[in-house]
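Work through the exercises below with the sequence and the model at hand. Each task is followed by a stepwise solution.

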Amino acid sequence: MPKATAKSEFDEYAANYEEALQRGLSLTGEDKDFFAAGRIDWLKRKISSLGLKPTSCLDFGCGTGTAASYLHNGLGIESYVGYDPSAASIERAKLEMSRVGSCFTDDPFSIARESIDIAYCNGVFHHIPLDQRTAAIKLVWNTLKPGGIFAFWENNRWNPLVHYIMSKVPFDDDAQMLFPNQARSLLKTTGFNILSTDYLFIFPSALRALRTLEPALCKLPLGGQYMILAQKD
């Protein structure tokens, strides 16, 4: 993951990241907590169906660490490592998200090889230059134990509303989203086995009564985000 490029972009937003993000999310009628909880609930459902009980987690591209509590509470993990190349974001995470079993770093090489059960990222790879994405996946691969899981969340490039929402978020103005097939190809190139691809967040708040249908529709490319679940051999 390109340390210098990401730092110059996200250090600027470390103090007001949530406010900037909400400019776009407000169009859905929800806030970031709704989506954060939804992602972890879905991930918990998927890994439970596989009989997996991870105890250690890498939050790759963790920003200011807002997913840490969701990952701790939702997955029941014992140790959490948040990595982000933005030093300013990591400093804020250390101040605001302190918890026993959690640590944050802007140095990916400080994370022990094959020490992690499950890696998680959300909306990270559309900020990484194309020629650096394989190296970023390899960093995740190296931290995972054999059989480890990578929960790869990205914004759904097939969804036109996603493009409009991202246009309202200042740090997404230069984002290059991945189509799901591109993300799967990237993961496979690094050696991951693809277990599943699911689409979530189809219905906005105004249509929340229909959200009970989403599990049945998760294989259709309709949602605002998708999760690829991949496994290291």
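**Exercise 1.** State how much surface the chain exposes and what share of it carbon and sulfur atoms supply.

Solution. In this predicted model, the exposed surface of the chain comes to about 10600 Å². Carbon and sulfur atoms supply 55% of that area. Turning to burial, 53% of the 233 residues count as buried. The chain is built with nine helices and seven strands. Of the contacts between residues at least 6 apart in sequence, 72% join residues at least 24 apart.

**Exercise 2.** Decide whether Asn155 is buried or exposed, and find the partner of its side chain in a polar contact.

Solution. Step one: locate Asn155, which lies in strand S5, residues 144-155. Step two: apply the cut-off, under 20% relative accessible area for buried. Asn155 has 13% relative accessibility and therefore counts as buried. Step three: list its contacts, leaving out residues up to four places away in sequence; among them are His126, Val162, Met166, Met177 and Tyr226. Step four: look for the polar partner. The side chains of Asn155 and Gln225 are joined by a polar contact of 3.0 Å.

**Exercise 3.** Determine which residues of helix H7 are buried and how they are arranged around the axis.

Solution. Step one: in H7, residues 160-167, the buried residues are Val162, Ile165 and Met166. Step two: these residues span an arc of only 95° around the axis, so they sit on the same side of H7. Step three: recall that an α-helix has 3.6 residues a turn, so residues three or four places apart point the same way. Step four: inspect the start of H7, where a side-chain oxygen of Asn159 comes within 2.9 Å of the backbone nitrogen of Leu161. Step five: link back to Asn155, which touches Val162 and Met166.

Terms used:
Residues numbered from 1 in each chain as written. Predicted model: local features only at pLDDT ≥ 70, side-chain atom pairs only at ≥ 80, totals over all residues. Heavy atoms only, no water. Helix = DSSP H or I, 4+ residues; strand = E, 2+ residues; numbered from the N terminus. Buried < 20%, exposed > 50% of the residue type's maximum accessible area, 1.4 Å probe, protein only. Polar contact = N/O pair within 3.5 Å; in protein donor to acceptor, adjacent residues only side chain to side chain. Contact = heavy atoms within 4.5 Å. Arc of directions from axis to C-beta. Areas by Shrake-Rupley, 256 points an atom, 1.4 Å probe, with all protein chains shown as cover.
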